[in-house]
Amino acid sequence: MLNNQMHNKKKKILLISPARRRDPNEDFIFKMAFLNLPYLAAVTPPEYEVEIIDEQYQRIDFDADVWLVALSAQTPIAPRAYEVAQEFKKRGVTTVMGGVHVSTLPEEALMYVDSVIMGEGEFVWSEVLNDLENKRLKQIYRSGTGYDLAGLPWPKRDLLNSRFYIPLTMVETTRGCPHKCDFCGVSRFFGHRYRKRPAEEVISELRSIFKSGLRHRFNRLLARMGFDLPYFIERRLVYFIDSNFAADHDYTRKLMDALEEIDLLWWAHATVDIARDGDFLEHMKRSGCIAVNIGFESLSPENLRTMHKSFAGSFDYANAIERIHAHGIGIMGTFVAGFDGEDKSIFDRIYEFVLENRLDWALVFIRTPYPGTSLFDELDRSGRLISKEWEKYDTLNCVYEPIGMTVEEMEKGLRTVWKNIFSLKSMYHRIIRYPRVHPMFYLGMNMQFYNMVRKWQGFAQK
Ligand code: B12
């Protein structure tokens with residue numbers, strides 16, 4: 001009997017998202033969930049037991065009885081992922097790894113893990129498991145990218161502990177991006193063909209997550225009476241993680257009709273050219289859009305041209321922001337500092353732009369050449385990379401020899417601009433003053449960063 005039970009015990013697969021390996025006070029952590037491991041869990045056959053561990057919040061039990069450990073990590077977290085893999089290997093557990101970083105550098109990863117899965121994991125996962133069962137695990141699986149996304153199973157979000165994360169639901173509708181910006185590894189990774197999940201499948205997924213219960217009907221009634229309910233009470237907020245949610249307006253409009261009907265709030269990444277079409281912006285607003293995340297990258301058209309993002313350079317950013325705001329949609333802007341023509345005054349100029357245009361939330365990053373990008377190849381070739389310690393590839397550190405300022409000036413300038421953007425004075429000016437856009441949402445978003453930058457010692461604040 002006991003023998004039989006032992007025989008029937010499911011083999012356990014541990015899916016791990018490792019944590020950063022740095023001083024927590026210096027860290028920058030988004031309390032956000034992820035979809036890659038829940039997607040893998042969704043294509044794992046039911047004869048296996050699957051657990052997801054987010055090391056940011058959970059301890060890894062290296063002595064647990066597991067059959068397979070599968071890791072996912074972005075570049076700055078790869079070193080910790082390798083460490084975790086080594087611990088399991090010491091105990092005789094098979095380890096595999098996937099994601100953008102190891103898909104670019106499989107040979108590096110193979111020094112630490114038994115097998116590397118390159119490309120989109122869902123499409124080879126059962127082959128990996130099957131090969132491991134039959135003791136013929138290959139070192140490299142080239143899943144590649146570019147698959148048709150129809151029929152993609154829905155990620156198993158229930159394996160993540162929602163207590164750890166801000167209350168929002170991540171959803172993916174497309175993969176791939178038609179643009180070829182030189183700093184972006186993901187467009188090369190997922191390819192330049194914009195692949196869409198069938199709209200009906202996305203809509204069914206959303207309907208399965210967001211039911212219209214009593215609480216929702218009550219909240220809806222309050223909203224109709226004019227109460228702007230904080231999103232964290234509503235808890236019907238969706239973050240579309242696609243690189244570009246609105247590259248095909250017909251498709252996006254179809255989704256937006258459903259978003260309106262299901263009555264959701266949502267935010268997504270888009271390019272600045274959405275500002276061109278007032279009717280589209282109105283549709284976005286009507287369907288519950290409270291924010292667009294726009295990569296402005298640089299205020300200089302010349303820099304945008306250098307990074308192959310010149311389509312954005314033809315826009316008057318200030319005017320575009322005004323148009324988007326006029327439709328009641330907030331803007332989360334991201335900027336990159338450290339182009340060759342820039343000196344340390346760039347940080348003040350970005351801060352002034354953020355303030356003047358009242359961006360609802362904004363982040364500035366140091367230009368970071370991720371492996372697999374043309375920027376990395378170019379800086380490596382010209383001998384300007386000063387570090388290949390991946391932990392430093394977190395956009396807060398400068399990993400290349402800048403031209404217009406020193407490395408120290410760049411890193412100090414970055415921390416100072418964050419302190420300025422997330423100061424009380426700036427938050428008051430950007431978020432609280434009238435006219436304003438979803439102040440409850442943006443206060444929450446900004447306060448997370450206010451609390452974080454206050455821990456950074458010794459950086460001036462305006
Ligand atoms: C949402 C998001 C976040 C979220 C959640 C992160 C997460 N772990 O998913 C948050 C906000 C936390 C985040 C933070 C950062 N992010 Co981010 N983020 C994204 C974004 C927009 C979507 C990620 C996503 O869910 N994609 C969809 C899933 C399904 O794709 P995927 O994760 O690649 O997984 C697939 C494959 O890679 C593979 N796979 C992945 N893991 C594994 C594991 C195994 C075992 C297998 C078999 C397969 C496999 O299969 C999956 C399914 O096909 C991407 C851009 C994009 N469009 O992908 C950037 C992106 C991942 N982020 C990036 C970066 C740089 C960061 C930051 C380091 C810095 C920054 N400036 O933002 C920080 C990290 C902060 C920190 N603490 O260190 C880069 C990563 C580059 C790199 N070489 O690592 C990307 C690609 C953006 C870019 N254009 O360069 N990010």
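The pLDDT is the predictor's confidence in each residue, on a scale from 0 to 100. The structure is a predicted model, in which local features need a pLDDT of at least 70, side-chain atom pairs count only at 80 or more, and totals for chains, interfaces and linings use all residues. Residues are numbered from 1 along each chain as its sequence is written. The protein has a mean pLDDT of 91, with 92% of its residues at 70 or more. Residues 1-5 have a pLDDT below 50, and this stretch makes zero contacts beyond near neighbours in sequence (contact: C-beta atoms, placed from the backbone, within 7 Å).

An automatic or database assignment supplies the domain bounds, giving domain 1 (2-144) and domain 2 (166-454). Their C-alpha centres are 29 Å apart. Each domain places 16 residues in the contact. On the side of domain 1 that touches domain 2, helix 3 (78-90) and helix 4 each give two or more residues; helices (H or I, at least four residues) and strands (E, at least two) are DSSP runs numbered from the N terminus. Helix 4 gives the most to this side, with four residues.

The ligand is surrounded by 36 residues, of which Asn36, Ser72, Gln74, Gly98 and Gly121 come nearest (a residue is near if its C-beta atom, placed from the backbone, lies within 6 Å). Both domain 1 and domain 2 provide at least three residues of this shell. Elements supplying at least two shell residues each include helix 2 (36-42), strand 3 (68-72), strand 4 (94-98), helix 4 (100-104) and helix 7 (185-190).

Technical notes. Two residues are in contact if their C-beta atoms, placed from the backbone, lie within 7 Å.
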